Amino acid sequence: MAHTPGPWTIELCGALLPDDRLIIGHPNTDDPRVIRTIGRLFNYCGEDERDANARLIAAAPSHHDALKAIATARVDEGTDLAQLVALWQAMARTEIAKAE
């Protein structure tokens, strides 16, 4: 079974639970009203840690896609390894920024 496709977003739980956050997946790009709740983060650890955890979880589909691209990159005799490493580093920096 595949995971719910990204992007995943961070949403407020609502008026009844204003301190909690939901991670929401949008599996149907044709209808943005169709959502899946991926997870719920409680405020037991403090707002900063809760929000950092939410960002990390919400970035998971993008992290997965980046890792798949790196893992399946074709490297042959003509590949410029320095350029390839630079590309991978740029991808990694982009993904880290999404979670911070």
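**Exercise 1. Explain why C13 forms no disulfide with C45.**

Solution. The closest cysteine sulfur to that of C13 belongs to C45 and lies 14 Å away, which is too far for a bond. A disulfide is defined here as a pair of cysteine sulfur atoms within 2.5 Å. Seen from the other side, C45 is likewise in no disulfide, its nearest cysteine sulfur being that of C13. The structure accordingly holds zero disulfides. As to exposure, C13 is partly exposed at a relative accessible area of 23%, and C45 is partly exposed at 35%. The classes are buried for under 20% relative accessible area, exposed for over 50%, and partly exposed in between, with a 1.4 Å probe and protein chains only.

The model is predicted: local features need pLDDT of at least 70 and side-chain atom pairs count only at pLDDT 80 or more, while totals for chains, interfaces and linings use all residues. Residues are numbered from 1 along each chain as its sequence is written, and side-chain values use heavy atoms, with hydrogens and water left out.

**Exercise 2. Describe the order of elements and the overall dimensions of the protein.**

Solution. Begin with the inventory: the protein has three helices and three strands. Helices (H or I, at least four residues) and strands (E, at least two) are DSSP runs, numbered from the N terminus. Read from that terminus, the order is β-β-β-α-α-α. Next, consider the dimensions. The C-alpha atoms fill a box of roughly 60 × 35 × 20 Å along the principal axes. The radius of gyration is 17 Å, whereas a compact globule of 100 residues would have one near 13 Å. This radius is taken over C-alpha atoms, and the globule rule is 2.2 Å times the number of residues to the power 0.38. Finally, 18% of the 100 residues count as buried.

**Exercise 3. Determine where D20 lies and whether D20 is buried or exposed.**

Solution. D20 is located in the loop between β1 and β2 (21-25). With a relative accessible area of 8%, D20 is buried. Its contacts (heavy atoms within 4.5 Å), leaving aside neighbours within four places in sequence, are E11, L12, C13, R40, L41, F42, N43 and R50. One of these, L41, is 21 residues from D20 in sequence, and the two C-alpha atoms are 5.6 Å apart in space.

**Exercise 4. Set out the surroundings of E95 and K98 in helix α3.**

Solution. Helix α3 spans residues 81-99 and includes E95; K98 is found in helix α3 as well. E95 is buried, with a relative accessible area of 11%, whereas K98 is partly exposed at 40%. Leaving aside neighbours within four places in sequence, E95 is in contact with A59, S62, H63 and A66. On the same basis, K98 touches R55, A59 and S62. A separation along the sequence may also be compared with a distance in space: K98 and E77 are 21 residues apart in sequence, and their C-alpha atoms are 33 Å apart.

**Exercise 5. Identify the residues joined by a cis peptide bond.**

Solution. The bond joins G6 and P7, with omega of about 5 degrees. P7 lies in the segment before β1 (8-12). For context, most peptide bonds are trans.
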